[in-house]
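Student: Please take me through this structure and justify each term by its definition.

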Amino acid sequence: MPDLTLSIRFLRGVGEKRAQAFARLGIFTVEDLLFFFPRRYEDRRTLTPLGDLRPDTFSAVVAEVASLSARPAGYRSGPFSISLIDGIQTVRAVWFNNPRLELQLRPGMRLALYGRVEYRGGLQLTNPEFEVLEGDEVETASVGRIVPVYPLAAPLSQRWTRRLVGTVLASYGGGLTDFLPDSLRRRHGMKTLPDAVRELHCPEDRNSWLRARNRLAFDELFLLQIGLLLRRRTYAASGYAVPIRPGRKFQALMGPGLPFVPTGAQRRAVAEILGDMNSKTPMNRLLQGDVGSGKTFVASAAILAAADSGVQSVFMAPTEILAQQHYFNLKGMLRSQGIETVLLTGGQRAAERRSVEEAIRGGSAQVVVGTHAVFGDEVSFARLGLVIVDEQHRFGVLQKNSLMAKASAPHVLVMTATPIPRTLVLSIYGDLEVSVLGELPPGRTPIRTVRMSAGMEKTLLDLVREHIRRGRQVYWVCPLIEDEEQGEPRAVVSRFGRLSSVLPEARIAMLHGRLSMGEKENIMRGFSEGKTDLLVATVVIEVGLDVPNATVMIVEDAGRFGLAQLHQLRGRVGRGRAEGVCILLEGRETSPDGRARIETMLRTSSGFDLAEEDLKQRGPGEVCGIRQHGVTDFRVADLVRDRKLLSLARDEARRLLETDPWLESAPLLKEELDKRLGRALKLAGTA
Ligand code: ADP
Ligand code: MG
């Protein structure tokens, strides 16, 4: 049996650098790699003869290298072109910034190429991916089939990763054991696990891909449903909550001294929450409100009431940056009432963490703001009474429960900007009340959304200068930290360099996930305090950040992002009275799907409408990709699209647990459950 726990370091071609890049994607073992699914696919089944190429398409061709152009003397970079021939037709292929090409290519070689066709005084392929063919081979990784596109960052390239996954599938794919009971699998005509995994990497056709994807989505939903049922079984008699009532501290800060008048929706939500918490039955409430609707205010009201009642609150944020922001704001607000607020994140130094943990254990820390680190076993509370989870869609469904295990039965408030239909809410969270912030605070000017082609740098820079001159601030989001092998700079590091030289008057900083926690903190604080004019960042700034003075959001290569992400990014501006502008840059390589998403963003401003639209656009699609899901940590399943599968999974989970409450007949399933959800289940006191 091949060993799936083998470290990828032992695979041929995976050196230190690539292993590190994989580690950043959460891939350490062969098994991780097998479950690292493509972000999307490109249909390259049809090979186009050179004579049939049309401008503004993406095409796959097989042709011979007729000649190489010399680069200008002394240049190692700059465009490099070759002439391709098939039969009598010739077409050019051009690459930018790829100094190694002349070492790789020779006249007479046969190449498989895929890329954008353009008309530039003649037809050409621009920056195509290519592969050198040996002999008559056309069975290659890159053309003649549906090709996976993985969510990668440098130094990992698509072509190389495709080959690696291909060889790993061949030698290790058979080692995947199918944990679904055979009878269940057959009853629904599902593919086996190894087949499904293989198909997701190398789809044969749409139908077969869909069956494979459904099998894997079912797995996730089924395991989650079993987990929820098991949890409910032991949770049923979990005990009483401490009733929470607002008192002196609440009155002091929620009264006339507020910096703004709460909206009607905010008042209602606060009243509903206070109503729930004033009881021995723990609150279990979801607060839904579009980006910018003012959820934090509602949370702080609940926290104040908890402090009045002498219990600790924990406020969970999905990212370190967001946790820091909440921490500073809450600390500033609560200090006047003598309430001690602490921050707990994974990036803290050990000594600092220990002292924070001590304060939490001892009870002197009344409000804890933190990231996933709060889930850790070493964190225990003196008297935890309220759990608030911000941007719930970023946390796993069951993870929240590991926190709840830290108190007998705390009140729970989860907050999200994702509009999830109520029926779905119930099936993933169990019994849950819902409050909705259906209006934005008054005085907001709608955000203007603009599309620009990447070539319009001058116009863009003028606009940036103008906003900065007026004392406003600008976000500039790039899809990558460092550039992939070739092409225009689209990455934080190169963009930062370029902007620093063309905007010498501006104070520019960059922010991305590879910086240390201290660095991130300083940069974010500088931006919040208005000491930085322009922040070049990756999507680390996607959720939650609140800097009302920022008025411009520029999203580079916007077609690469999903609708939910674009909506969150756009929500970083337009938070104050001044008008916000969101500029979506469209590159030459933007896919048709990406363009459609950009157009939707131009038309639609409400998160709810976008979610609906998202569903429609992803419905039929060409060959659908797999999205990192918004609401849960599923890799494949999509709660909205997979409603039917979800109810099937519920039925099957119930059926199985009714006949076999301890899963004795399905040891492999039990193992898998433990592997995927074990920690969360164990902490919740179930396993
Ligand atoms: P989100 O719901 O996206 O988490 P926030 O809580 O970050 O939104 O609030 C967005 C901005 O709106 C913040 O700057 C906050 O101070 C401000 N805000 C919240 N409520 C009101 C209100 N009632 N009137 C005016 N501004 C408000
Ligand atoms: Mg928020």
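Tutor: Let us start with residue classes: Ala, Val, Leu, Ile, Met, Phe, Trp, Tyr, Cys and Pro count as nonpolar, Asp, Glu, Lys and Arg as charged, and the others, Gly among them, as polar. By these classes the shell around ligand 1 has 6 nonpolar, 6 polar and 5 charged residues. The model is predicted, so local features need pLDDT of at least 70 and side-chain atom pairs pLDDT 80 or more, while totals for chains, interfaces and linings use all residues. Residues are numbered from 1 along each chain as its sequence is written, chains are lettered from A and ligands numbered from 1 in the order written, and side-chain values use heavy atoms, without hydrogens and water.

Student: What makes the pair formed by Thr-296 and ligand 1 a polar contact?

Tutor: A polar contact is a pair of N or O atoms within 3.5 Å; within protein, one must be able to donate a hydrogen and the other to accept it, and residues adjacent in sequence count only if both atoms are side-chain atoms. An N or O atom in the Thr-296 side chain lies 2.7 Å from an oxygen atom of ligand 1, so the pair meets the distance limit. For Lys-295, a side-chain N or O atom is 2.9 Å from a ligand 1 oxygen atom.

Student: Why is Leu-663 called buried?

Tutor: Buried means under 20% relative accessible area, exposed over 50%, partly exposed in between (1.4 Å probe, protein chains only). Leu-663 has 4%, and is therefore buried. Asn-127, at 15%, is buried too.

Student: What is notable about phi at Leu-663?

Tutor: Leu-663 has a positive phi of about 55° although it is not a glycine. Most residues other than glycine have a negative phi.
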